[in-house]
Amino acid sequence: MEKLNNKMNSAYDFFVKELNSLRTSRANPSMLDNILVEAYGSKTPINQLGNIAVSDPSTLTIQVWDQSLSKSIENAITESSLGLNPQTDGQIIRLPIPKLSEERRKELTKVASEYAEKSKVAIRNIRREFIDLQKKDQKESIISEDDLKKNIDEIQKITDDFIKKIDNFLDEKKNDILKV
């Protein structure tokens, strides 16, 4: 059951990371987590190329360590789906976070719901995988039929808990996105 918990926790953590990368009207360094920059011959996460900081509630700054990458970082941000326009000032790139329109807020809540649905599917697939393992153990007489039923009930309870956690976090994020 610990292995099941660990796998489901990994899926949940990935979901949280995806949702945190969604843009709200406040500056948040995790917004840039999914942006990869072409640097040194490979795609590199933006946080490995400079310091990301929140200078005020509506502005992010990136202090680029290697100034030759400033243009690549700018392009990666511009091409991302965040809708940000970087402003370069030497080694510092400023990212003003514009207020979200009502339409964009609704779009983002739909994207958040899609992320939640994908995570729920991942959790259910993990549940199926572990139930199949239990059934296999029962067929091979490693566990009794009573143990099988008890284990399946426990797996379902853990699954329900994770689905509830996903729904709760999704509701929090939707409220955050819709808040003006």
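**Exercise 1. How many residues sit between β5 and β6 in their hairpin, and which residue in the turn has a positive phi?**

Solution. One thing to keep in mind: this is a predicted model.
- Start with the pairing: β5 (residues 87-89) and β6 are antiparallel, joined by three bridges.
- Pick out one bridge: D89 is partnered by I92 in β6.
- Now look at the turn. Two residues lie between the strands of this hairpin, and G90 has a positive phi of about 70°.

**Exercise 2. Work out the strand order of the open sheet, and find which strands stand at the edges.**

Solution.
- Take β4 and β6: they run antiparallel and share five bridges.
- Check this on residues: I62 has I93 as its bridge partner in β6, and L60 stands opposite L95.
- Put the strands in a row. The open sheet has four of them, ordered β3-β4-β6-β5, with antiparallel pairing.
- Read off the edges: β3 (50-56) and β5 each have a single partner strand, so one side of each lacks a neighbour in the sheet.
- Add the geometry: from one strand to the next, the twist averages 25°.

**Exercise 3. Sort the residues of β6 by face, covered or uncovered.**

Solution.
- Recall the rule: side chains in a regular strand alternate between the two faces of the sheet.
- Apply it to residues 92-96. I93 and L95 are on the covered face, while I92, R94 and P96 are on the uncovered one.

**Exercise 4. Is T61 buried or exposed, and what does it touch?**

Solution.
- Locate it: T61 belongs to strand β4, residues 59-64.
- Use the cut-off: buried means under 20% relative accessible area. T61 comes in at 16%, so it counts as buried.
- List its contacts, skipping residues up to four places away in sequence: N51, I52, A53, S55, I92, I93 and R94.

**Exercise 5. Where do the buried residues of α1 fall, seen down its axis?**

Solution.
- Get the dimensions: α1 (residues 2-20) has 19 residues and spans 26 Å from first C-alpha to last, close to the expected 27 Å.
- Collect the buried set: L4, M8, A11, Y12, F15, V16, E18 and L19.
- Project down the axis of α1: the buried residues fall within an arc of 160°, so they line one face of the helix.
- Here's the general reason: an α-helix has 3.6 residues a turn, so residues three or four places apart point the same way.
- Flip to the face turned away from the buried side, and you'll find the exposed residues E2, K3 and F14.
- Finally, ask what does the covering: α3 (102-139) and α4 (145-178) are among the elements over the buried residues of α1.

Conventions:
Residues numbered from 1 in each chain as written. Predicted model: local features only at pLDDT ≥ 70, side-chain atom pairs only at ≥ 80, totals over all residues. Heavy atoms only, no water. Helix = DSSP H or I, 4+ residues; strand = E, 2+ residues; numbered from the N terminus. Buried < 20%, exposed > 50% of the residue type's maximum accessible area, 1.4 Å probe, protein only. Contact = heavy atoms within 4.5 Å. Pairing = 2+ DSSP bridges. Axes fitted to C-alpha atoms, helices over the stretch in contact; angles between N-to-C directions. Expected span 1.5 Å × (residues − 1). Arc of directions from axis to C-beta.
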